[in-house]
Amino acid sequence: MEYKRKSMSALRSRPIRAAALLLCLAAAAGAQSPLDPSRIPFSSISTEEGLSNDSVYCLLQDSRGFVWVGTFGGLDRYDGKETVSFKPGGSAGFSLSASVVFALAEGAGGVVWAGTDGGGLNRIDPESGEVSAFRGNAAAEAGPGSDLVY
């Protein structure tokens, strides 16, 4: 029994020793890690670039590459250059049911679902941008049981 314990611990320490040796050699050679943050392109957007609000609750990158941002002031779709905002009080069919967006998910066909604070669940059609609201009803067989969806 004692022999097996020593043998197993010796086997376990070999990969650790090899990894430590590789790290030391890389450091000595001045190699940069492929995960070096300075090598990752990064940009940010704010209300100055069209974001509805600086308080961001959720993010979603959909299958078409758009970044959806759920904020305290509405929902924004960002394509890398410009922002399209969805807020309450917009034109009929293109207006969110509440301004605070807590949750985002992509469904079949690229449909974006937005869970709101007090406005239920919103379905955004990716082609037309049309918004449909599903309000909470605890007695209903389908749909959200509450207008608070997160």
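Asn137 counts as partly exposed, because its relative accessibility is 40%, a value between the 20% limit for buried residues and the 50% limit for exposed ones. In this predicted model, Asn137 is found in the segment that follows strand S8, the strand of residues 131-134. Asn137 and Asp147 are separated by 10 residues in sequence, and their C-alpha atoms lie 7.8 Å apart in space.

Asp147 also takes part in a salt bridge. Its partner is Arg135, and the closest N and O atoms of the pair are 3.1 Å apart. Both Asp147 and Arg135 lie in the segment after S8, so the pair ties together parts that are 12 residues apart in sequence. Asp147 counts as partly exposed because its relative accessibility is 24%. Arg135 is likewise placed in the partly exposed class, with a relative accessibility of 44%. Side chains of opposite charge can pair when their charged atoms come close.

The structure holds 2 salt bridges. Arg64 and Asp62 form a salt bridge as well, with 3.0 Å between the closest N and O atoms. Here the two partners fall into separate accessibility classes: Arg64 is partly exposed, at a relative accessible area of 35%, whereas Asp62 is buried, at 5%.

The overall architecture provides the setting for these residues. The protein chain contains 1 helix and 8 strands, and along the sequence these elements follow the pattern α-β-β-β-β-β-β-β-β. The strands can be taken sheet by sheet. Strands of a sheet pair through backbone hydrogen bonds, either parallel or antiparallel.

One open sheet is built from 4 strands in the order S1-S2-S3-S4, with antiparallel pairing. Its edges are formed by strand S1 (56-61) and strand S4 (83-86), each of which pairs on one side only. Neighbouring strands of this sheet are turned by 20° against each other on average, with direction ignored.

Within this sheet, S1 and strand S2 (residues 67-71) pair in the antiparallel sense over 5 bridges. Two of the residue pairings can be named: Gln61 has Val67 of S2 as its bridge partner, and Leu60 has Trp68 of S2. The hairpin of S1 and S2 has 5 residues between the strands, and in this hairpin Gly65 takes a positive phi near 100°.

On its other pairing, S2 is joined to strand S3 (residues 74-78), again in the antiparallel sense and over 5 bridges. In this pairing Val69 stands opposite Asp76 in S3. S2 and S3 form a hairpin with 2 residues between them. S2 is mostly covered, with 4 of its 5 residues buried.

A further open sheet consists of 4 strands in the order S5-S6-S7-S8, and here too the pairing is antiparallel. Strand S5 (101-106) and S8 stand at its edges with a single partner strand each, so one side of each is left without a neighbour in the sheet. The average turn between neighbouring strands of this sheet, direction ignored, is 20°. S8 is joined to strand S7 (residues 121-124) by 4 bridges, and the two run antiparallel. At this pairing Leu121 stands opposite Phe134 in S8. S8 leads back to the starting point of this account, as Asn137 is found in the segment after that strand.

Some values describe the protein chain as a whole. Of its 150 residues, 27% count as buried. The accessible surface comes to about 10,000 Å², of which 57% belongs to carbon and sulfur atoms. Among contacts between residues at least 6 apart in sequence, 36% join residues at least 24 apart.

The confidence of the prediction remains to be considered. The mean pLDDT of the protein chain is 81, and 71% of its residues reach 70 or more. Among the elements, S5 has the highest mean pLDDT, at 97, and helix H1 (residues 2-29) the lowest, at 55. Over residues 1-13 the pLDDT is below 50, and beyond near neighbours in sequence this stretch has 0 contacts in the model. Where pLDDT is low, the predicted coordinates should not be read in detail.

Note on methods:
Residues are numbered from 1 along each chain as its sequence is written. This is a predicted model: local features need pLDDT of at least 70, side-chain atom pairs count only at pLDDT 80 or more; totals for chains, interfaces and linings use all residues. Side-chain values use heavy atoms; hydrogens and water are left out. Two strands pair if DSSP finds at least two bridges between them. Axes are lines fitted to C-alpha atoms, for helices over the stretch in contact, and angles run from 0 to 180 degrees between N-to-C directions. Buried means under 20% relative accessible area, exposed over 50%, partly exposed in between (1.4 Å probe, protein chains only). Contact means heavy atoms within 4.5 Å. Accessible areas come from the Shrake-Rupley method with a 1.4 Å probe; for residues, only the protein chains shown count as cover. pLDDT is the predictor's confidence in each residue, from 0 to 100. A salt bridge is a side-chain nitrogen of Lys or Arg within 4 Å of a carboxyl oxygen of Asp or Glu.
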